[in-house]
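Thanks for coming. I will walk through one structure today, starting inside and ending at the surface. Please have the sequence and the 3D view open.

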Amino acid sequence: MLEVSQLQASYGPLQVIWGVSLHVEQGEFVALIGPNGAGKTTTLRAIMGLVKPLSGTIAFNGQTLNGLKANQITRKGISFVTEDLDLFDGMTVHDNLILGAFSLHDRAQVEGTLESVYDLFPILAERHRQLAGTLSGGERKMLAIGRGLMLSPSLILVDEPSLGLAPKLVLAVFEALKQLHERGSTILLVEQNVYTTLHMTNRAYVLENGQVVMEGPSSDLLRNEHLQRTYISMGAAGEGGFPAPADGGGPAL
Amino acid sequence: MNLTVLWNLLVTGILRGGLYALMAGGLALLFGVMNICNFAHGELFVVGAYVAYFAYVTFGLPPLLAILIAAGASFLVGALLEKSLILPLRRRSKGEWIMNTFLLTSGLSVVMQNTAQRVWGVRYRGITQYWAGTIRITPTMSVAVDRAVAFLIAVVGITGFWLFLRRTNVGRAIRAVSQNETGAMLVGIDLDNIQTLTFALGSMLAGLGGASMLSLIPAYPFAGGKPNITSWFVVTVVGLGNVSGSIVGGFIVGLVESFAFFYLGSGWQDVFSLGVIILILLVKPSGLFGSEVKGVLER
């Protein structure tokens with residue numbers, strides 16, 4: 001479905017992606033994990049056309065995405081839930097969701113999707129008239145994911161949903177992603193929360209210094225010694241296996 | 001003060017207020033959505049005035065039709081200017097965007113004024129009225145039909161614009177771009193199209209103002225100066241980029257000017273308005289309705 005090969009990209013003047021190749025197949029839940037600054041976010045932004053790749057190709061369902069603008073890539077059926085969510089803070093929850101379906105024109109379908117989003121996140125239904133800017137951190141994540149779902153996307157890219165959230169809320173957001181996957185969504189998830197992520201996903205790529213250093217079924221990676229040493233041992237020691245986000249400095253809204 | 005004087009001042013103030021609200025609403029939209037400091041806004045007022053004059057006087061079209069054509073023409077001129085000047089600037093501009101738009105539109109204003117002077121000369125092209133007659137309210141209090149209709153047009157223009165931003169999908173998209181460009185792109189909104197549309201809409205509001213006020217302000221090359229500066233007064237007072245505030249602000253400035261004109265004399269109304277602005281900005285530098293929330297309607 002999504003095929004990235006030999007991608008090179010830079011963040012500002014600094015090249016951070018050095019030949020990344022990855023693929024996501026229909027119905028899969030794939031993780032892209034790795035330390036801060038490994039190039040995970042830049043990879044997603046390059047796929048969405050928000051960062052122009054230096055070289056390499058990105059293909060979606062056989063069509064190349066290189067050179068398309070983000071809004072055109074969205075219209076191909078890829079939703080991107082960014083790290084900073086990029087919500088419309090001055091608009092209501094309802095309006096944010098409706099805008100998520102901006103490129104769709106079938107009203108009945110949009111209404112149906114709206115129902116299912118409210119079904120997945122009942123809190124959004126409760127707060128549908130509230131301004132997005134007044135929601136709490138966890139609600140904002142849910143709204144961002146919900147807005148992404150309004151497109152009825154064939155692929156969802158989610159960037160660090162645990163960032164800045166309290167452990168309990170992280171659990172709720174991950175639970176929602178798991179449910180989405182069970183309902184048939186294809187997800188590419190970027191996370192630093194390695195332990196939990198590997199427990200949820202089918203496959204994973206480990207990105208270090210802009211290169212894929214490891215890939216395979218998540219269950220295999222969970223037992224991998226290098227990963228155990230670098231990421232997991234710290235997390236497993238934590239209560240309930242949920243290490244607090246590395247830099248829980250998100251805005252308290 | 002006697003009632004008739006008060007009445008006349010109120011009518012004049014509110015009528016001017018309608019014009020300023022139209023102009024400032026468009027200006028605020030351009031700043032809120034595109035971060036453009038448009039100093040050629042007055043020239044679009046002039047485009048509206050000239051087109052309405054030629055449509056009404058030269059071609060003898062009915063007044064309402066002439067005004068509509070003028071609004072449409074300003075919309076087109078705005079779209080053309082955006083595609084040919086602002087868009088290339090956006091592609092090339094590296095930082096200093098706001099300053100660049102200020103320089104570009106200031107230059108554009110000079111070019112448009114001098115082109116108009118070259119083509120049509122400095123002659124005033126005005127009309128005494130679109131519609132004859134007066135509405136009598138009491139023996140001493142009345143209002144000219146022409147002015148009442150001009151005001152009505154302003155109200156309809158503002159209301160339609162407001163509903164468009166609030167109720168339609170495209171209006172929502174414009175507001176989305178003003179609040180978060182990345183978010184807007186990620187829901188599939190084409191920024192280039194929205195920006196062209198926004199500039200065209202802002203221009204249309206200015207043109208509508210110029211066309212409907214033709215009996216008060218005749219069309220001539222430099223007619224845009226005063227409306228331009230006054231709409232800048234308004235958007236500065238209420239807080240840059242705030243459309244709903246600008247509409248309220250337009251009426252405030254209209255009334256202030258009308259009373260200052262009467263009590264302090266001609267020429268002093270600008271001094272007075274500017275004094276008020278300085279005072280407001282001293283107390284509240286972000287403007288009367290200024291806030292941290294970014295967006296053209298939401299404050």
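Let us begin with one residue, Leu22(A). Setting aside neighbours within four places in sequence, Leu22(A) is in contact with Leu2(A), Glu3(A), Val4(A), Leu32(A), Thr43(A), Leu188(A) and Tyr205(A). Keep in mind that this is a predicted model.

Where does Leu22(A) belong? The largest nonpolar core has 105 residues, and Leu22(A) is among the five that touch the most other members. The other four are Leu2(A), Leu157(A), Leu188(A) and Ile189(B). Which helix gives the most to this core? That is helix α1 of chain B, residues 3-34, with 13 residues. There is also a second, separate core of 35 residues, including Val110(A), Leu114(A), Ile145(A) and Ile187(A). As a general point, nonpolar side chains in soluble globular proteins tend to be buried together.

Next, a helix that is mostly covered. Helix α3 of chain A runs over residues 93-100, and seven of its eight residues are buried. Those seven are Val93(A), Asp95(A), Asn96(A), Leu97(A), Ile98(A), Leu99(A) and Gly100(A). What do they pack against? In chain A, the buried residues of α3(A) pack against α4 (107-120), α5 (122-126) and α6 (137-149), and in chain B against α6.

Now look at a loop in chain B. Asn180(B) sits between α6 (169-179) and α7 (181-186) of that chain. Is Asn180(B) buried or exposed? Its relative accessibility is 14%, and buried means under 20%, so Asn180(B) counts as buried. The side chain of Asn180(B) reaches the backbone nitrogen of Gly183(B) at 2.9 Å. A polar atom of that side chain also lies 3.2 Å from the backbone nitrogen of Thr182(B). Beyond its neighbours within four places in sequence, Asn180(B) is in contact with Asp86(A), Leu87(A) and Phe88(A).

On to charges. How many salt bridges does the structure hold over all chains? There are 15. I will show three.

One joins the side chains of Asp192(B) and Lys69(A), at 3.5 Å from N to O. This pair crosses between chains: Asp192(B) is in helix α8 of chain B, residues 191-212, while Lys69(A) is in the loop between β5 (63-64) and α2 (70-75) of chain A. Asp192(B) counts as buried because its relative accessibility is 16%, while Lys69(A), at 34%, is partly exposed.

Another links the side chains of Asp89(A) and Arg140(A), at 3.0 Å from N to O. Asp89(A) lies in the loop between β6 (78-81) and α3 of chain A and Arg140(A) in helix α6 of chain A, so this pair ties together parts that are 51 residues apart in sequence. Asp89(A) is partly exposed, with a relative accessible area of 33%, whereas Arg140(A) is buried at 10%.

The last of my three is between Asp220(A) and Arg223(A), whose closest N and O atoms are 3.4 Å apart. Asp220(A) is partly exposed at 43%, and Arg223(A) is exposed at 63%. Salt bridges that share partners also join Lys69(A), Arg91(B), Asp190(B) and Asp192(B) into one network.

Finally, the surface. Phe262(B), Tyr263(B), Leu264(B), Trp268(B), Val271(B) and Phe272(B) make a nonpolar surface patch of about 620 Å². Helices α10 (243-264) and α11 (268-283) of chain B each supply at least two residues of this patch. Phe262(B) lies in α10 of chain B, and at 44% relative accessibility Phe262(B) counts as partly exposed.

Definitions and conventions. Residues numbered from 1 in each chain as written. Chains lettered and ligands numbered in written order. Predicted model: local features only at pLDDT ≥ 70, side-chain atom pairs only at ≥ 80, totals over all residues. Heavy atoms only, no water. Patch = residues over 30% accessible without salt bridge, like charges linked within 9 Å, V, L, I, M, F, W, Y side chains within 5 Å. Areas by Shrake-Rupley, 256 points an atom, 1.4 Å probe, with all protein chains shown as cover. Salt bridge = Lys/Arg side-chain N within 4 Å of Asp/Glu carboxyl O. Helix = DSSP H or I, 4+ residues; strand = E, 2+ residues; numbered from the N terminus. Buried < 20%, exposed > 50% of the residue type's maximum accessible area, 1.4 Å probe, protein only. Core = buried A, V, L, I, M, F, W, Y, C linked by side-chain atoms within 4.5 Å. Contact = heavy atoms within 4.5 Å. Polar contact = N/O pair within 3.5 Å; in protein donor to acceptor, adjacent residues only side chain to side chain.
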